[in-house]
Amino acid sequence: PRPTMGGDGDGERQDDERKVELDPDLKKMLEDFIGAPIDDKTHPFWNPPPLTEEQEAMFEDVKRRAKECVGLDGFTEDLLLKDMHVQYVKRSSEDKDAIEYVLTDHLRLSGMYWGLTALDLLGRLDVVDADEIVDFVQRCWVPDVGGYAPCVYHDAHVLYTLSAVQILALFDRMELIDRDAVASFLTSLQRESDGAIMGDEWGEVDTRFAYCALSISTLIDRPRCIDRGRVVEWIDKCKNFDGGYGSDPGGESHAGQVFTCVGGLALCDAVDRIDHFFLGWWLAERQVKAGGLNGRPEKLPDVCYSWWVLSSLAIMGKMHWIDHKALARFILGCQDEKKGGIADRPDDEPDVYHTFFGLAALSLMGFPGIKPIDPVFALPTHVCERIGVMRTAADGTVIGRKEENSANTGGESGGESARP
Amino acid sequence: AMSSSSSEDADADERVPYSRRPEWADVEPIPQPESANPVVLIDYADEYVDAVDVWRAVYRSRERSLRVLDLTRDVIGMNGGAYTVWHHRWELVLALGVDLAEELRYAGAMARANPKNYQVWNHMRLCSQAMKASGDDARATLAWELNETHTRIALMMDAKNIHAWTQRAWAVRTFGRWTDEMDFTERMIDDDVRNNSAWNQRFFCVVGGLGGFVTSTDGNGSGDGNAKSAPGDGGDVVVLASAELAFAKSQLDKSPHNESAWNYVRGILKRPNVGWGWRGEGEAIARKHLGDIFGDASRRRVGGTSSDDERGGESDGESRGEA
C-alpha cells in the first residue's frame, strides 16, 4: 500500500490524476518551496536531471545493502546455545524452594507460558512433565469467575487466562477449557462506556487486556463473546501522533503496547486502522547502532523488544525495515554462556522471559533450528495450525482468517455484507 | 514443602514470625501449593513465606480487620508485585473506612519502592477516584496534589517511568489540570530534550487544549471513560499551533537529532483542524536542518510568469524529499 502522508482525514487531496484543485494554502506552500509558480512545468523542480553514474552506483549500493539486511544467511545453528537454554528453562522450573519462585506466584502461569513455548520452539517440550503442568493449570481455574488465576489461591485475570489457554494449546489439551464460562468472563470484561477491555472486575484498563481478550476469544472459537468492533474503536483511540500506540488513549507509544494493538487489530481483521507508514517508520527507528531494539525513543535496547517490534512489523509486512543480521547478533550476544538462558542485554542476568522473547524473535527471522512462531498469537505456528486459527506469515500474509473474527458486525445471519 | 526452620536471626529484637505470634494463633496458615515447573527462583525467605501463608488464610476466610490491613502492608512491603494482596487491601480500605488521603500517601511511598509495578498506581487511582467522588472540592484538590507530588518524585528517580507519566495523565484528565501540566512538560523537556515521555505528555495536553482548552476545574470525569473534550473553536488552534511549533523549533535548534521533537512537529501538523498553511512552517523547520539537499538547480527562481493554465498538478503526492 502506498504510504500515506499524514492521512488523518485532513486536507483531503483529490487523487484524480486529470485535474487537481489545490488548496490555496498548499499551493502557496509549494510555490514558496519551489520558488516558482506551480503551473510552470518547465521549472527544474519538475525536471530533475538524471542521476550521474556515481549517484546510480550509490543507489544500487544502498539497495544491495538493504537486501543484505534481510534474512539470516550465513548464521549457523551452532551460534545458538540450544541445549544450554533448554537446561536453563528446565532448571528454573524445577527449584521450588527459592524466593524468585515464591515472589513471582502472581505471574506463575505467564512464566510457565514463556518457558514452555521456548522449549517447544527448540523442539524440546519433552523435557517437562505435560500431565503435571496441565494439572497445575487446571488448578488455577476459578470457576465462579470463569477465568484463570496466575497461581492457586489468586484471583482470575485476563492476562493469566490467556497464558492458561496458550499452555493448554501447546499441549493440545484445549478440551479442558470451559469455553462458555471463559466466553462469559470475557464478555463481562468489556466496559460499557467505551468498549475497552478491563483486566478483571477491578476495572483496570490497558491495551494489553484488549489483546488478551481478542486472542483468547479467537483461540477458543468464541469470537463474538466481545464486541470486536467496539474494541477496534477503542484501540484506534490509543493511536498516537507518532503512529504508535500506548496503554490507553494518550499513553506514550511503547513497543509492547504497539504489539498488543497491532496484534489486536489483526485479530479483528482491522489492520487498515494502522498508520502503516509512520508506525512502520517508528518501529524501524527502534533499532540502535548496536543492532538491538529499544521500546521507545532514546531508551536502551532490550531483547524483549526484539519480539514486540519484530512481530508488529511482521504483521504489517515490514519485517525488512529492520536489519535482521544486526538484531540477531545482538540477541545471540545476550546469551549466558555459563548458565544458559538469554538476558535483556549483554552480560546481564538471564531470565525465562528474555530467553523466550529472544528465541521468538530469532524464529521470526528464520534462524536455523528454531520452529516458526506466529506473530499474532505468539505461539508456534504448528500449534495455530492444529487449532485452526488464522496464521500470519513473517511477511504479513494471512492464511485462514474467519469472517466471524472480523470487527464488522453482521456475521451471524450472513445477510449483511460486511465483506472486508 | 517449605522449611519450618526458626528465624535465622540471632538478634532477639528481630521480628517474630506470624506463626509464633499469640494474636495470630487463631489462624491456620495456608502454605504455597505444590506446583509443577514453577518460574524463576532466587533465595528462599522465611519471613515472606511466613507472612503470606497467613495472608492466604485470612484472604480465604474474608476476615476484615485492622490486623489484616497491617498484614497486607507487611506482605506488600516484601513483595510489591502481589496484585491480589493489593486488591485485598483496597477491599479492606473501603470496608474499614481508612482515610483515603493517608492511603494515597502510603501508595505514593510504595510507588517509590516499586516504580514499575502496575498495582501500586492502580491503587492510587482507586483512592483518588473515591476522593473525587466524595464531592468535597478540598478532598479533590488534595487528591490532585498528592498525585502530582508522588508522580513528580517518581519521575525524579526515573524521568521516563511510563507508569508515573500514565498516572499523571490520568490525574490531569480527572482533575482538569491541563495548564499546570503544560508547564511541567516544559520543565521536563528543558531537563532532557530527549525525554520522549515528556513530549508525549505535552502533546496529550495540547490535544486536551486543542480539543477545547479546559479552564474550569471540571475534568473529564473520573477517568473511566477516557473521553477527550469536544473539538474547540478555530481561534485556540491558531494560537496553540503557532506556539507549539515555535516551541518545537527552539528545541530542535538546540538539538536537531531528536526523534521526539520531530514526531511532535509532525503530530501538530497532522491534527485535523491544522490546515495546509501550517505545513509550510513545518517544512521550513525541516529544511533548515536538512540543509540544501536539493542543490541549486531546484531552488532557482524563475522570473515571475504566473499563468492560469489549469493543466492541473501531475504530482501524485509522493514527497520528493523523503530521506
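The following paragraphs go through the fold of chain B and then a few salt bridges in this predicted model.

Chain B is built from 12 helices and 0 strands, so that its elements, read from the N terminus, follow one another as α-α-α-α-α-α-α-α-α-α-α-α. Of the 323 residues in chain B, 49% are buried, and among its contacts with a separation of 6 or more, 68% link residues that stand 24 or more positions apart. The accessible surface of this chain comes to about 14900 Å², and carbon and sulfur atoms account for 51% of that area.

Over all chains, the structure holds 40 salt bridges. One of them, in chain B, pairs Asp26(B) with Arg67(B), with 2.8 Å between the closest N and O atoms. Asp26(B) belongs to the segment before α1 (46-61) and Arg67(B) to helix α2 (residues 66-78), so this pair ties together parts of chain B that are 41 residues apart in sequence. Asp26(B) is exposed, at 57% relative accessibility, whereas Arg67(B), with 23%, is partly exposed.

A salt bridge within one helix joins the side chains of Arg152(B) and Glu148(B) at 2.9 Å, N to O; both residues lie in helix α6 (residues 137-157) of chain B, 4 residues apart, or about one turn. Here Arg152(B) is partly exposed at 29% relative accessibility, while Glu148(B), at 14%, counts as buried because the limit for that class is under 20%.

In chain A, Arg64(A) forms a salt bridge with Asp61(A), their closest N and O atoms being 2.4 Å apart. The two residues are 3 positions apart in helix α2 (residues 53-69) of chain A, a separation of about one helical turn, and both are partly exposed, Arg64(A) at 40% and Asp61(A) at 27% relative accessibility.

Key
Residues numbered from 1 in each chain as written. Chains lettered and ligands numbered in written order. Predicted model: local features only at pLDDT ≥ 70, side-chain atom pairs only at ≥ 80, totals over all residues. Heavy atoms only, no water. Buried < 20%, exposed > 50% of the residue type's maximum accessible area, 1.4 Å probe, protein only. Contact = heavy atoms within 4.5 Å. Areas by Shrake-Rupley, 256 points an atom, 1.4 Å probe, with all protein chains shown as cover. Salt bridge = Lys/Arg side-chain N within 4 Å of Asp/Glu carboxyl O.
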